Protein chains: 2
Amino acid sequence: MSILVAMPGYDPSRWVDALRRGAPERPVATQAARGDPSIRYAVAWKQPEGLLASFPNLSAVFSLGAGVDHILRDPTLPDVPVVRVVADDLTERMSEYVAWRVLDHFRRGMTYRRQQARAIWNERPQPVARDVTVGIMGLGVLGQDAARKLSALGFRIAGWSRTAKEVAGIATFAGDDGLGPFLAETDVLVVLLPATAETRGILSSALFARCKRRTPLGEAPVLVNAGRGSLQREADILRALDEGRLSEASLDVFEEEPLPASSALWRHPRVFVTPHAAAVSEPEALVPPMLRQMDAFERGEPLRHLVDREAGY
Amino acid sequence: MSILVAMPGYDPSRWVDALRRGAPERPVATQAARGDPSIRYAVAWKQPEGLLASFPNLSAVFSLGAGVDHILRDPTLPDVPVVRVVADDLTERMSEYVAWRVLDHFRRGMTYRRQQARAIWNERPQPVARDVTVGIMGLGVLGQDAARKLSALGFRIAGWSRTAKEVAGIATFAGDDGLGPFLAETDVLVVLLPATAETRGILSSALFARCKRRTPLGEAPVLVNAGRGSLQREADILRALDEGRLSEASLDVFEEEPLPASSALWRHPRVFVTPHAAAVSEPEALVPPMLRQMDAFERGEPLRHLVDREAGY
């Protein structure tokens, strides 16, 4: 009963090594014939359509990253549990990225770097964190951890999610009705939503039009998207920046990745681009919780962090 | 019995306004004849030498910023209590700056900005915060608050101070003997020391030679100085950057301020310069605690946050 690592186009060697080190008794394959009855688990990233459906003894599919849209988009995906990766390592990396980007915008990093390039000594007005609200869209494991860490830095936090959630210390809003009131509070908009049919293109002109016009930083809100590229309409983000509906943006994910060299986002003076690097999936950190889940599953315990295939995450 | 605001060369109006709003019954002056018997308190920033000694009824001197070296350098300073400003606002701003700069270096902001300028999509290896030690020199109110907030972000913390201190959750080191072991732990060196005769020029080639050669980020340590410009030898910092003894630096304070346009620090690709803006002294935030101290003092209670004039801070 083998584990298949299915990540065509990517080098699987570190994942295979980590699986073999963590569970020497479990055979690990990177190739399998369609229909191979020995495949029990798939560890997948953008698996080929139809592949997983062919394995008669497949028991569960594990995602290699926080998102699962790349697995669910296979219309032939068999009806087995799909497991999201939840690991302290991944969560901590994402919160580091979010805190970093919020602080850099809030403390006017872009302005001071422009000043430095011209040797200009000019202190800018600076509110304190407790006068600034970070609004987080997406209150799963990642959103809640980011909220806690931003709170510890002194920021006020508002949270928005598809379905109502209560999170200690945070003003929460939910659904379509909650979006307007949530945006009315938000000075820095942090997006950690999953990619679903419902969230596709949510970061659009229509949403930016409902944002604050003026924050305590004296300008329009800042956008930080570390969720998924499909959430954003990049033409709308560029327009919002140029029309003053957004003041600055940090984007780690894009409609097309790698971001094409021709994209105006690379060159916009108020956009910071990272190459989908907010929370890298490190095999050494993510494989041990996967193996613990397989062990528990085989002892008859339920799998945790299961994907709700109807909701899409 | 008046309050004198003595900050020659700076506009005192916001300080005067805040004092008058907070204590309408207290006369506030910005000019006083030498020897004026009505002056009871001085609120000072770089007061003229000899001025404070002339007031026969002066009871206390309040600093307008976290540092007090600008007050103590007056050799004629009368033997009255000198009060350091301690305000949540100032502390929070400083910790924001420290967290911002540590995260920006740790998450490779300089590298990603260089890549962005050339439209390069290239993810860099990235350790997690729990594998990186931030070493904080100076464990006063500011250093301890920064330590708490960096801990909450996941970093390991080491602390160094002149005299031994115990701080929960931090490995602490003290004095000359403790400096080597402290530097041997430190990946990101954050400096929040006061300016004293003892700390002058401490950030020198001699200290950088004792730093780690290689941190989990794969390079020499990072320097963040938000203390005082007199702590640093800028020629040594530039040499350490170019010889690979330091990888990057964020400097908010300088030997000469404003930093002269001719300084190579402005143009160094691995130095980030801010104009002494880490923790701006906002009159609206700092005046209320000063007035509370005056009220308490007049009720016969001891003044708090007194400067130890022998230690120089």
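**Entry 1: salt bridges**

I began with a search of the whole structure, which is a predicted model, and it turned up 33 salt bridges over all chains. I picked one pair to follow: Arg107(B) sits in the loop between helix H3 (88–106) and helix H4 (109–117) of chain B, while Glu96(A) belongs to helix H3 of chain A, so this pair joins two chains. I looked up the distance for Arg107(B) and Glu96(A) too, and their closest N and O atoms are 3.0 Å apart. Between chain A and chain B I count six salt bridges.

**Entry 2: what chain A brings to chain B**

Next I asked myself which elements of chain A each supply at least two residues of the side that touches chain B. My list reads helix H3 (88–106), helix H4 (109–117), helix H5 (141–152) and strand S12 (271–273). H3(A) gives the most to that side, with twelve residues. Sorting the side of chain A that touches chain B by class, I get 27 nonpolar, seven polar and 13 charged residues.

**Entry 3: contacts and buried area**

I then went through the totals for the two chains. In contact with each other are 47 residues of chain A and 47 residues of chain B. I also noted 22 residue pairs in polar contact between chain A and chain B, with both residues at pLDDT 80 or more.

A reminder to myself: an interface's size is often quoted as the accessible area lost when the parts come together. Here, chain A and chain B bury about 4200 Å² between them, and carbon and sulfur atoms give 60% of this area. Which residues of chain A lose the most area to chain B? I wrote down Arg107(A), Gln116(A) and Trp121(A), which together make up 21% of what that side buries.

**Entry 4: cavities**

How many cavities of 30 Å³ or more does a search of the whole structure find? It finds two.

The largest cavity holds about 80 Å³ of space. I list its lining as His105(A), Arg108(A), Thr111(A), Leu217(A), Glu219(A), Val222(A), Ser247(A) and Glu248(A). By class, that lining has two nonpolar, three polar and three charged residues.

The second largest cavity has a volume of about 30 Å³. From chain A, I find Glu92(A), Glu96(A) and Lys149(A) in its lining, and from chain B, Ala129(B), Arg130(B), Leu153(B) and Gly154(B). Glu96(A), one of these lining residues, is the salt-bridge partner of Arg107(B) from my opening entry. I sorted this lining as well: two nonpolar, one polar and four charged residues.

**Entry 5: backbone oddities**

I finished with the backbone. Where do I find a cis peptide bond in chain A? The bond from Glu257(A) to Pro258(A) is cis, with omega near -10°. I place Pro258(A) in the loop between strand S11 (248–251) and S12 of chain A.

Turning to chain B, I see that a cis peptide bond joins Glu257(B) and Pro258(B), and omega is about -10°. Pro258(B) is in the loop between strand S11 (248–251) and strand S12 (271–273) of chain B.

My last note is on His276(A), which is not a glycine but has a positive phi of about 50°. I located His276(A) in the loop between S12 and helix H9 (283–298) of chain A.

Technical notes:
Residues numbered from 1 in each chain as written. Chains lettered and ligands numbered in written order. Predicted model: local features only at pLDDT ≥ 70, side-chain atom pairs only at ≥ 80, totals over all residues. Heavy atoms only, no water. Contact = heavy atoms within 4.5 Å. Buried area = accessible area lost by both parts, 1.4 Å probe. Salt bridge = Lys/Arg side-chain N within 4 Å of Asp/Glu carboxyl O. Polar contact = N/O pair within 3.5 Å; in protein donor to acceptor, adjacent residues only side chain to side chain. Helix = DSSP H or I, 4+ residues; strand = E, 2+ residues; numbered from the N terminus. Nonpolar A, V, L, I, M, F, W, Y, C, P; charged D, E, K, R; others polar. 1 Å grid on protein atoms, 1.4 Å probe; cavity = no way out; pocket = protein on both sides within 12 Å on 5 of 7 lines; lining within 4 Å. Points joined across faces, edges and corners; volume = space filled by probe spheres on them.
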